Amino acid sequence: MAVQNGDTPSGDSGQGSPVLDRAIRFFSSNQPPAYLVGGYLRDLLLGRTRSLEMSHDLDIAVGGGVENIARDLARVLGGSAVPLSASRGMFRVVVPSGGAT
């Protein structure tokens, strides 16, 4: 599942992103384990970035019930869930400018 934000992430959390903060709370409260994966994680591990200030998308891997999780997360973030390949369990959650504030 990919989470995309129409704004440059900013905020007062240690992670620097209100979208990530809400996603963390969402997955911590009532969902199966979720893992940050993809390009942002790679760049973080390689020291290319230190926060989410320059990133507009996050890739999150979850197990089972992906469509429902994507739709629930989209609702929490004020965005929408877009199927990329529903048969393969791939969805994008798009958060427009002003979402997740």
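Q: Residues under 20% relative accessible area count as buried, those over 50% as exposed, and those in between as partly exposed. Which of these classes does G64 fall in?
A: The model is predicted, and in it G64 sits in the loop between β3 and α3. Its relative accessible area is 48%. Because that value lies between the cut-offs of 20% and 50%, G64 is partly exposed.

Q: How far apart in space are the C-alpha atoms of G64 and P33?
A: Along the chain, 31 residues separate G64 from P33. In space, the distance between their C-alpha atoms is 9.9 Å.

Q: What pattern does the protein follow when read along the sequence?
A: The protein contains three helices and five strands. Taken in sequence order, these elements give the pattern β-α-β-α-β-α-β-β.

Q: What percentage of the residues in the protein are buried?
A: The protein has 101 residues. Buried means under 20% relative accessible area. The buried share of the protein is 36%.

Q: Among contacts in the protein with a separation of 6 or more, what share comes from residues 24 or more positions apart?
A: The contacts considered here have a separation of 6 or more. Of these, the part made by residues 24 or more positions apart is 58%.

Q: Is α1 parallel, perpendicular or oblique to α3?
A: Helix α1 covers residues 18–30 and helix α3 covers residues 66–77. Their axes come within 10 Å and cross at roughly 130°. Because the crossing has that angle, the relation of α1 to α3 is oblique.

Q: Is the crossing in which α1 passes α3 left-handed or right-handed?
A: The contact involves V19, R22, A23, F26 and F27 from α1, and I69, D72, L73, V76 and L77 from α3. The crossing of α1 past α3 is right-handed.

Q: How many nonpolar residues does the contact of α1 with α3 have?
A: R22 of α1 and D72 of α3 take part in the contact. By class, the contact includes two charged residues and no polar ones. The number of nonpolar residues is eight.

Q: Which element gives the most residues to the largest nonpolar core?
A: The core has 16 residues, and F27, V62, L73, L77 and V93 touch the most other members. At least two residues each come from α1, β3 (57–62), α3 and β5 (90–95). With six residues, the element that gives the most is α3.

Q: Is S87 buried or exposed?
A: S87 belongs to the loop between β4 (80–85) and β5. Its C-alpha is 10.0 Å from that of E67, with the two positions 20 residues apart in sequence numbering. The relative accessibility of S87 is 75%. Because that is over 50%, S87 counts as exposed.

Q: How far apart in space are D59 and G39, C-alpha to C-alpha?
A: D59 lies in strand β3, while G39 is found in helix α2 (residues 39–45). In sequence, D59 and G39 are 20 residues apart. In space, C-alpha to C-alpha, the separation is 7.7 Å.

Q: What is the relative accessibility at which D59 counts as partly exposed?
A: G39 counts as partly exposed at 24% relative accessibility. D59 also falls in the partly exposed class. The relative accessibility of D59 is 23%.

Note on methods. Residues numbered from 1 in each chain as written. Predicted model: local features only at pLDDT ≥ 70, side-chain atom pairs only at ≥ 80, totals over all residues. Heavy atoms only, no water. Axes fitted to C-alpha atoms, helices over the stretch in contact; angles between N-to-C directions. Helix = DSSP H or I, 4+ residues; strand = E, 2+ residues; numbered from the N terminus. Parallel < 35°, antiparallel > 145°, perpendicular 65-115°, else oblique. Left-handed = near helix turned anticlockwise from the far one by under 90°. Contact = heavy atoms within 4.5 Å. Nonpolar A, V, L, I, M, F, W, Y, C, P; charged D, E, K, R; others polar. Core = buried A, V, L, I, M, F, W, Y, C linked by side-chain atoms within 4.5 Å. Buried < 20%, exposed > 50% of the residue type's maximum accessible area, 1.4 Å probe, protein only.
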